[in-house]
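Here is a short tour of a structure, written to be read with the model open beside you. We will go through charged pairs, aromatic rings, a helix and some enclosed space.

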Amino acid sequence: MKHKFNRKQIKEVGKIILINLLLLGFFVELGSLGFYLVRHNQLFYTRQRPSSIEEMGLNLEGMRMEISIVERLHPYFGYAPKPGPDFRPGFKYNNYGFISPYNYPFVKTNENQFIVGVFGGSVASNYSIYEIQNGILEAKLREVPGLENKELIILSFATGGYKQPQQLLILNYLLSVGQVFDMVINIDGFNELALSSVSNEQKLELTMPSASHIQPLTNLANNSLSTQALESILKIKQAKPRINQVASNLKNCRMASCYTINNLAIQGLIKDYYQEVERFQRYQQIPDHDGGEGSVFLFYTQESVLPEEKALAKITDTWVRTSTVINHILSAKNIPYFHILQPNQYHVTNRVFSSEEKAIAFTDNTPYRQPIVAGYPLLLNRIADLEAAGVTIFNGVNIFDAAPEMMYIDNCCHYTPAGEHILSSYVAESIKNILNQRLNPPNLNLANEPLTD
C-alpha cells in the first residue's frame with residue numbers, strides 16, 4: 001500500500017532538504033575559504049580582485065582565444081604570431097607579431113627615451129611583459145650616472161619557441177629597417193637545447209626553426225595533415241571558448257566556493273588543452289623537408305639523427321657563436337649587450353621543490369628533460385668562452401634556489417609571478433652593476449657611449 005504524504009509532511013521534508021542544502025553550502029564555502037587561505041596565504045573576502053585573466057596566475061601561455069592557429073609562416077623569422085589583440089591590458093600582437101604596446105620599428109618621440117630590445121623565446125617574452133608592467137629595470141638604471149631621468153621603452157622581439165640563430169637574424173633584420181637600440185638583452189638557453197633536440201629527432205638541421213612550431217604550419221600549407229591531426233585542431237579550437245568562459249566566471253567570483261569550483265574546472269580544461277596540443281604534435285605527419293614534389297618548403301636536413309653528445313655539442317657551439325656575433329654587431333654601434341642564461345627546473349641546483357611544485361614542474365615523459373640535464377652543463381662550461389669573446393653574460397640558473405614560493409607554472413620552463421619578479425630583479429641588478437663598473441674608473445674605454453647621449 002503506497003503511503004501518501006499530506007501537505008504538512010511535504011513542507012517538513014522540504015524544510016529538511018532546504019536546511020541540509022544550506023548546511024552543505026556553508027561547509028563547502030568554509031572548506032573553500034580554507035583552500036584559498038592555504039593556497040594564497042590570505043582570506044578570500046579581503047583579497048584584491050583581479051582586473052584581468054592574467055592576474056589570476058593561470059598558465060595561458062600562447063593560448064589566444066580568438067584564433068585556432070596562433071602562428072603564421074614568416075619569410076625571415078621562420079614563423080611569427082598573427083597580429084591581433086592580446087588578453088593583457090595595454091598589449092597587442094603588433095604589426096610584427098610580437099607582444100608589445102607598440103608597433104615596429106619604434107621611433108623615439110623624445111631624446112629622453114631609452115630603448116631596450118629583448119630577444120629570446122617565451123621566457124624572454126614574459127620577461128618583457130613583466131618589465132613593462134612593473135618597471136624594475138627602469139628603477140635600477142636610474143641609479144646609473146647619466147640614466148637618472150631616462151624613460152625606458154621595452155621592445156620585445158621574443159616569441160615562444162624562438163632559438164638561436166633566430167635572435168641573431170631578427171636583430172639584423174630590425175637593424176636593417178631602422179630600429180634604434182640603446183641596449184639589448186638576450187634571455188635563452190632552454191629552447192636552444194630542448195627544441196633543437198626535438199628537431200634532431202626529426203632529422204631537421206639544428207639551426208632551423210623549432211620543428212615543434214614549424215611542422216604544423218608547413219603541414220597545413222602542404223595539405224598533408226592526417227585526419228587525426230585535423231580532429232585535434234578542432235578540439236583545440238573548441239577548448240578555447242570554454243576556457244575563456246570559465247576564466248571569466250573565476251575572475252568575477254564573489255564567494256570562495258565559486259572560486260574553488262571554477263578554479264578546479266579551469267585547471268582541468270587547461271590541462272586537457274595542453275594534452276591535446278601534445279597529441280596534435282604526435283599526430284602530425286613528418287613534412288617533406290627535402291623540398292620534393294610533396295612540399296612547397298625547403299628545409300636543411302641531416303642524413304640521420306645525431307647521437308646526443310654530438311647534437312648537444314653542435315647546439316652549444318651555435319649558442320656561443322651566435323651570441324658572439326650579436327655582441328660584435330652591437331659593439332660596433334656602441335650598444336651594450338647582455339646575455340642571460342635562464343633558470344630551468346630540469347637543471348639540478350640547490351633548489352628544494354615542494355610536493356605541490358613538483359607535481360606541476362616535472363614530467364617524466366617530457367622530451368625536454370634529457371636535453372636540459374645533459375646540455376646545461378655544456379652551456380655553463382662555455383660561459384668562459386663567451387666572456388673571453390667580450391660577451392657580458394649572466395648565469396641565472398641558481399636565482400630561484402632560496403625562494404620559498406612556487407617558481408614554475410608548468411612542466412616546461414615558465415615562471416610564476418614570483419619567479420618573474422626574481423628574474424627581473426636579477427637582470428636589473430646585474431645590468432646596473434656592470435654599467436656602474438664601466439663608468440668607474442672614468443678613463444675606462446666604454447662600449448656604452450649612447451648611455452649618456
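A salt bridge here is a side-chain nitrogen of Lys or Arg within 4 Å of a carboxyl oxygen of Asp or Glu. By that rule this predicted model has 12 salt bridges. The aromatic side chains are worth a look too, with 23 aromatic pairs in the structure.

**Salt bridges**

- Asp86 and Arg88 join through their side chains at 2.7 Å, N to O, and both residues are buried.
- Glu357 and Arg351 also form a salt bridge, with an N to O distance of 2.7 Å; Glu357 is buried, as is Arg351.
- Asp364 pairs with Arg369 at 3.5 Å, N to O.
- Is Asp364 buried or exposed? Its relative accessible area is 72%, and exposed means over 50%, so Asp364 counts as exposed.
- Arg369 has a relative accessibility of 26% and is therefore partly exposed, as that class runs between 20% and 50%.
- Lys140, Glu143, Glu429 and Lys432 are connected in a network of salt bridges.

**Aromatic pairs**

- Among the 23 aromatic pairs is the one between Phe77 and Tyr173, whose ring centres are 5.6 Å apart; their planes meet at 80 degrees, so this pair is edge-to-face.
- Phe77 sits in the loop between strand S1 (71-74) and strand S2 (78-81), while Tyr173 belongs to helix H4 (residues 166-176), so the contact ties together parts 96 residues apart in sequence.
- Phe77 is buried at 2% relative accessibility, whereas Tyr173 is partly exposed at 23%.
- Tyr104 and Phe157 make a tilted pair, 4.6 Å centre to centre with 40 degrees between the planes.
- That pair links distant parts of the chain, 53 residues apart: Tyr104 is in the loop between strand S5 (99-100) and strand S6 (113-120), and Phe157 is in strand S7 (residues 151-158).
- Both Tyr104 and Phe157 are buried.
- These four residues belong to one aromatic cluster, which also includes Tyr76, Tyr79 and Phe181.

**Helix H9**

- Helix H9 covers residues 308-332, and its 25 residues reach 36 Å from first C-alpha to last, close to the 36 Å expected.
- Asn334, just after H9, has a positive phi of about 60 degrees.

**Cavities**

- The model contains 3 cavities of 30 Å³ or more, and the largest cavity holds about 70 Å³ of space.
- Which residues line the largest cavity? Among them are Pro343, His347, Arg351, Phe353, Asp401 and Tyr408.
- The lining of the largest cavity divides into 5 nonpolar, 4 polar and 2 charged residues.
- Arg351 thus appears in two places: in the cavity lining and in the salt bridge with Glu357.

How values were computed:
Residues are numbered from 1 along each chain as its sequence is written. Side-chain values use heavy atoms; hydrogens and water are left out. Buried means under 20% relative accessible area, exposed over 50%, partly exposed in between (1.4 Å probe, protein chains only). Helices (H or I, at least four residues) and strands (E, at least two) are DSSP runs, numbered from the N terminus. The expected span of a helix is 1.5 Å times one less than its number of residues. On a 1 Å grid over the protein atoms alone, a cavity is a set of points where a 1.4 Å probe fits but cannot get out, and a pocket is an open set with protein on both sides within 12 Å along at least five of seven lines; lining residues have an atom within 4 Å of a point. Grid points are joined across faces, edges and corners, and a volume is the space filled by probe spheres set on the points. Ala, Val, Leu, Ile, Met, Phe, Trp, Tyr, Cys and Pro count as nonpolar, Asp, Glu, Lys and Arg as charged, and the others, Gly among them, as polar. Rings of Phe, Tyr and Trp (its six-membered ring) pair if their centres lie within 6.5 Å; planes under 30 degrees apart count as stacked, over 60 as edge-to-face and the rest as tilted.
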